[in-house]
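User: I keep meeting words like "buried" and "salt bridge" in structure notes. Could you take me through a model and show me what earns each label?

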Amino acid sequence: SVPFDEIFSRLESVLQAAFEVDINRWYLIFDGTWAKLAGGYDATNLALSVELKQQIYDLKVGYDLFRRVESDVADGWVWVSTVDLLLGARYFGSQTTTTETLKPTDETTASTVKNSRWDPVLGARGSFAFSRRWALDVLADLGGFGIGEASDFTYQIDASVAYSFSPLFSAFLGYRHLGFLNESEAGAENWITQHGPRVGVAFSF
């Protein structure tokens, strides 16, 4: 596990986006992250650089098990509390490129390792509106189960607090923990985990 501040210092670019379509009691949910990190060192006889590109995409279908709708007709506010069942898939892909340069000849060699998989996931989500402005959102899922080429296990825990500035615009602050487990043929466990705070804005229309 690498500390968040060290990851942030090596982060070159990142793109994260999410959208959701609500049709009656059904949802179509997409959440995706693309990131590029780079690092290395420069010694007397050797320069080494490492570049990591990583993609994580979630695509899920959700269904309301519970829904409570409150509204203020006078100013157009609507706030909703729900508990949803989620079913879908998570994609994990990474590409690591290592470049070595010998000195003083500047002879360079490079190698690239790619890794990707799709994992089935099952989870639940709750959104609890305390007022027309404040809401608590929580999500948890698990999956993989070693089905086909999937991870032996994957999980996600996400919690955030949202504040609505208007019926169409809100901001949130939360924390996400995401993990993947794969076991080698010898039984050794290889964990990949990501966790840290997140902040963003949301538009509803």
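Analyst: Here is a short back-and-forth on the labels, one at a time. First the ground rules: this is a predicted model, where local features need pLDDT of at least 70 and side-chain atom pairs count only at pLDDT 80 or more, while totals for chains, interfaces and linings use all residues. Residues are numbered from 1 along each chain as its sequence is written, and side-chain values use heavy atoms, with hydrogens and water left out.

User: What makes up the chain, in helices and strands?

Analyst: One helix and nine strands, in the order α-β-β-β-β-β-β-β-β-β along the sequence. Helices (H or I, at least four residues) and strands (E, at least two) are DSSP runs, numbered from the N terminus.

User: How do you know that β5 and β6 pair?

Analyst: Two strands count as paired if DSSP finds at least two bridges between them. β5 (residues 107-129) and β6 (residues 134-144) have nine bridges, in the antiparallel sense, so they pass that rule. One bridge puts R125 with L139 in β6. Four residues separate these two strands in a hairpin.

User: Which strands carry on from β6?

Analyst: β7 (residues 153-164) runs antiparallel to β6, with eleven bridges between them; L142, for one, stands opposite Y155. Then β7 meets β8 (residues 169-183), again antiparallel, over twelve bridges. A159 faces V138 and also Y175 in β8. β7 and β8 form a hairpin too, with four residues between them.

User: Why is the contact between E20 and R125 called a salt bridge?

Analyst: The label needs a side-chain nitrogen of Lys or Arg within 4 Å of a carboxyl oxygen of Asp or Glu. For E20 and R125 the N to O distance is 2.7 Å, so the pair qualifies. E20 sits in β1 (residues 11-23) and R125 in β5, 105 residues apart. By this rule the chain has 14 salt bridges, and D31, D158, R176 and R198 are linked in a network of them.

User: Why is R125 called buried but E20 partly exposed?

Analyst: Buried means under 20% relative accessible area, exposed over 50%, and partly exposed in between (1.4 Å probe, protein chains only). R125 comes out at 16%, so it is buried, whereas E20 has 40% and is therefore partly exposed.

User: What makes K60 and D141 a salt bridge, and are they buried or exposed?

Analyst: Their N to O distance is 3.3 Å, so the pair meets the salt-bridge rule. K60 is buried at 5%, and D141 is buried at 5% as well. K60 lies in β3 (residues 46-72) and D141 in β6, so the pair ties together parts 81 residues apart in sequence.

User: How do you know that R117 has no salt bridge?

Analyst: The nearest side chain of opposite charge, D119, is 5.1 Å away, so R117 fails the salt-bridge rule. For charge, Lys and Arg count as positive and Asp and Glu as negative, while His and the chain ends are not counted. R117 is buried all the same.

User: What does the R117 side chain make polar contacts with?

Analyst: The side chains of N115, at 3.5 Å, and S151, at 3.4 Å. A polar contact is a pair of N or O atoms within 3.5 Å; within protein, one must be able to donate a hydrogen and the other to accept it, and residues adjacent in sequence count only if both atoms are side-chain atoms.
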